[in-house]
Amino acid sequence: MSDVESFVRFCESEFGTAVMDREAAYVKQHVTPNERILDVGCGIGSLEGRFPEHEMIGLDRSEAMIRAARDRVSAPFVLGDATALPLATGSVDAVVFVSTL
């Protein structure tokens, strides 16, 4: 089983869904709908799927995770690394790292 398949299995499990829902609820307390948000380490786009009313960009360094995210969620996803963000300075209002480190 690949890393992506394992992560999908976790995210779709009862426990994984509960974890992702709590993480999304916490982030929603700290952002407003008009903010542009960068999700560093987006994985398969689980957070983006929980923020349809926000402009959220997912960033991950794994091509396989980005492909899975694009298949699962209608949001912009960028292949890249957090140490050298492939975005213009000042182009987002908030940055989140959820279950990344």
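1. In this predicted model, helix α4 packs through its buried residues against three elements: α1 (3-12), β2 and β3 (77-79). Helix α4 spans residues 63-72, and its buried residues are M65, I66, A68 and A69. Viewed down the axis of α4, these residues fall within an arc of 165°, so they line one face of the helix.

2. The face of α4 turned away from the buried side bears the exposed residues E63 and D71. As background to this arrangement, an α-helix has 3.6 residues a turn, so residues three or four places apart point the same way.

3. Strand β4 comprises residues 94-97. A94 and V96 form its covered face, whereas V95 and F97 lie on the uncovered one. The strand pairs with β1 in the parallel sense, over four bridges. Within β4, V95 stands opposite L38.

4. The largest pocket holds about 460 Å³ of space. Its lining consists of 25 residues, of which G41, C42, G43, D60 and T100 are the closest to the pocket centre.

5. Several elements contribute to this lining: α2 (14-28), β1 (36-40), α3 (46-49) and β2 (55-60) each supply at least two residues. The largest share, three residues, comes from α2. Strand β2 is thus named twice in this note, as a contributor to the pocket lining and as a packing partner of the buried residues of α4.

6. As to the chemical character of the pocket, its lining divides into eleven nonpolar, eight polar and six charged residues.

Technical notes:
Residues are numbered from 1 along each chain as its sequence is written. This is a predicted model: local features need pLDDT of at least 70, side-chain atom pairs count only at pLDDT 80 or more; totals for chains, interfaces and linings use all residues. Side-chain values use heavy atoms; hydrogens and water are left out. On a 1 Å grid over the protein atoms alone, a cavity is a set of points where a 1.4 Å probe fits but cannot get out, and a pocket is an open set with protein on both sides within 12 Å along at least five of seven lines; lining residues have an atom within 4 Å of a point. Grid points are joined across faces, edges and corners, and a volume is the space filled by probe spheres set on the points. Ala, Val, Leu, Ile, Met, Phe, Trp, Tyr, Cys and Pro count as nonpolar, Asp, Glu, Lys and Arg as charged, and the others, Gly among them, as polar. Buried means under 20% relative accessible area, exposed over 50%, partly exposed in between (1.4 Å probe, protein chains only). The arc is that of the directions from the helix axis to the C-beta atoms. Contact means heavy atoms within 4.5 Å. Two strands pair if DSSP finds at least two bridges between them.
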